[in-house]
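This report describes one protein chain for a reader who has not seen it before. It starts with the chain as a whole and then turns to its interior.

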Amino acid sequence: MTAHWSELDPGACDPSAFAAANGWFETQLIDLTNALDTVSAIRSNLDDLWTGQSAAAFKERLSDFNARLIDSVEAIRTGAKAIAVYGDAVSEIARRAEPLKEDLAVARATLHGLLNVGFNAAPGSRFNAEQQALNDASAAASSLAKLAAERAAADQTVAVALASASSISWGDLDCTVAPTVGTQRDAANRRVMDLFEHFRTGDERGAVLTDDDVFVQTLMRSDHIEAVRERALDDYRNGRLTAQDPGFYDRSISDQPWVLVNDAVNVLSSTMTGTLPAAVLGSENLPESFLGSYSLEVRVGEPRSDGGVEMTYVINNDTSIDSATRIPGTGGAHLPGMFEAMSVANAENGTWATHHQTIVWTETVYP
């Protein structure tokens, strides 16, 4: 909404962005209000006969959630009002800027000799026309600059308003309803299928993934990464892992044939979606199964003033025909028929081309 405006075009904006923002705020307000009504109804209908520690804990959490919803509603309303006021201000600036932009364009055209101003009509007419054009250009530019100052002030006002709303309810904005489908587990499984599709078709040879990707978020909870966290912290405490000496904690499944069974369960269960499978199969980690064996380097930064230290995890992995069909614990044997068929398809049309993943994220620990 605020991008790409300048001192000579202070009213530039994308009207559809305002409409989209307003629509988002309206949707969130409806969803939050409905949630608030639901929580309020639950609180009012709680049976007084339910007593004890569990009842007290539930009522306390419900009361806290109700307060968070109220704060979130207020934050959304504040944000919606700020965007509406900002949109009106920008529209008014654009309306006032339009004739000034036209005046400036005409004056510039005159100065470049693009308009017929009758230079031969009288002595000095060219000089007078140019002086007039200079005056007109200066006046238009000066007025546009004032409007640009108003636009900058409007930008600052909306930024402050949105920041204030967030600061009032910063931790409570997680009550807003995200347009998600299924569970995080479902989203991670879909992301795995997306990466697998790139490997299958050969249309992409690599990807860099960070912890804003659900694939990485799920991988970070895997058994291997959990174990590495403990090892890396122990190595750091004992001087084996330093800012000058990174640690290497590769995952290898070549001597673990039973991993195939676990991977098969993960793949088969990945088609099961919804909240029940997420609860029943909460330990399933399809991203870990997809990667299989991979190299992992952990780098640490210098100690911070608060006693913390940053540990950066860097995973490099190749999804290839060899790795996808190799049978762990056999010394390099491949699944019968699959290795040959995939290799032929790769040679003929480029499918099943090796896909490289670099995965990076940073965590702060306090040893």
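## Chain overview

The chain exposes about 21000 Å², of which carbon and sulfur atoms supply 56%. The model is predicted. Its chain holds eleven helices and five strands. Of the 367 residues, 34% are buried. Among contacts between residues at least 6 apart in sequence, 74% link residues at least 24 apart.

## Nonpolar cores

The largest nonpolar core has 29 residues, and the members touching the most others are F215, L296, V298, M311 and I359. Several helices and strands each supply at least two residues of this core, as listed in the table.

| Element | Residues |
|---|---|
| Helix 4 | 184-201 |
| Strand 1 | 206-210 |
| Helix 5 | 214-219 |
| Helix 6 | 223-237 |
| Helix 9 | 286-291 |
| Strand 3 | 295-300 |
| Strand 4 | 309-319 |
| Strand 5 | 355-365 |

Helix 6 gives the largest share of this core, with five residues. A second core, separate from it, has 16 residues, including L32, L69, Y86 and V158.

## V298 and T312

Apart from neighbours within four places in sequence, V298 contacts V228, A232, L241, P246, G247, Y249, M311, T312 and Y313. T312 lies in strand 4. Not counting residues up to four places away in sequence, T312 touches E297, V298, R299, V360, W361 and T362. With T362, the T312 side chain makes a polar contact, side chain to side chain, at 3.0 Å.

Note on methods. Residues are numbered from 1 along each chain as its sequence is written. This is a predicted model: local features need pLDDT of at least 70, side-chain atom pairs count only at pLDDT 80 or more; totals for chains, interfaces and linings use all residues. Side-chain values use heavy atoms; hydrogens and water are left out. A nonpolar core is a set of buried Ala, Val, Leu, Ile, Met, Phe, Trp, Tyr and Cys residues joined through side-chain atoms within 4.5 Å. Buried means under 20% relative accessible area, exposed over 50%, partly exposed in between (1.4 Å probe, protein chains only). Helices (H or I, at least four residues) and strands (E, at least two) are DSSP runs, numbered from the N terminus. Contact means heavy atoms within 4.5 Å. A polar contact is a pair of N or O atoms within 3.5 Å; within protein, one must be able to donate a hydrogen and the other to accept it, and residues adjacent in sequence count only if both atoms are side-chain atoms. Accessible areas come from the Shrake-Rupley method with a 1.4 Å probe; for residues, only the protein chains shown count as cover.
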